[in-house]
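Biologist: I have a model open and would love to talk through its strands and turns with you. Shall we look at it together?

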Amino acid sequence: KGKAAVVEEAPPEPVFGTGEFAMPDGSRYSGEFMDNAGIKCRHGNGSYTIGQEIYTGAWENDMMNGEGEYRFGSGAVYQGTFRNNLFEGLGTYTFPEGTTYT
């Protein structure tokens, strides 16, 4: 007797959209997202608010990636490049009193 052939199906293609989401911790996201097999993640451009902190900019696979602006609750602002949720490359950090670091 021979073995039955195993047929592997390709995973479903991700679906892209725009929407607003409220997270269990009270944070909110408004912008572009990707739905991959029923799992939604921030992907594209959007704004994320948690408490008094706001990030507006590019997202990739649910992480801040690309150009964006992060406004801290203290009043400080970082404008520049992000990679995997961290500041990277060129950017400007402005302290609440107005001093800048580039």
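Biologist: In which loop is Asp62 found?

Modeller: Happy to start there, bearing in mind that this is a predicted model. One strand, E4, covers 53–60, and another, E5, covers 63–71. Asp62 is found in the loop between strand E4 and strand E5.

Biologist: Does Asp62 count as buried, partly exposed or exposed, and why?

Modeller: The partly exposed class lies between the cut-offs of 20% and 50% relative accessible area. Asp62 has a relative accessibility of 31%, so the class for Asp62 is partly exposed.

Biologist: What is the phi of Asp62?

Modeller: Asp62 is a residue other than glycine, and its phi is positive. In the hairpin of E4 and E5, with two residues between the strands, Asn61 also takes a positive phi, near 50°. For Asp62, the value is near 70°.

Biologist: Thanks! How many bridges join E4 to E5?

Modeller: These two strands run antiparallel. One bridge pairs Tyr55 with Tyr70 in E5. The number of bridges joining E4 to E5 is six.

Biologist: Moving along, which residue takes a positive phi in the hairpin of E5 and E6?

Modeller: E5 and strand E6 (residues 77–83) run antiparallel and are joined by six bridges, and Gly66 has Phe82 in E6 as its bridge partner. Their hairpin has five residues between the strands. The residue there with a positive phi, near 105°, is Gly75.

Biologist: On the other side of E4, which residue in E4 stands opposite Ser47?

Modeller: E3 and E4 run antiparallel, with seven bridges joining them. Ser47 falls within strand E3, which spans 39–50. Opposite Ser47 in E4 stands Thr56.

Biologist: And why does Ala37 count as exposed?

Modeller: Ala37 lies in the loop between strand E2 (28–36) and strand E3. Ala37 has a positive phi of about 55°, although it is not a glycine. The exposed class needs over 50% relative accessible area. Ala37 counts as exposed because its relative accessibility is 59%.

Biologist: Last one: which strands stand at the edges of the sheet?

Modeller: The open sheet has eight strands in the order E1-E2-E3-E4-E5-E6-E7-E8, with antiparallel pairing. An edge strand here has a single partner strand, so one side of it is left without a neighbour in the sheet. The strands at the edges are E1 (15–22) and E8 (100–101).

How values were computed: Residues numbered from 1 in each chain as written. Predicted model: local features only at pLDDT ≥ 70, side-chain atom pairs only at ≥ 80, totals over all residues. Heavy atoms only, no water. Helix = DSSP H or I, 4+ residues; strand = E, 2+ residues; numbered from the N terminus. Buried < 20%, exposed > 50% of the residue type's maximum accessible area, 1.4 Å probe, protein only. Pairing = 2+ DSSP bridges.
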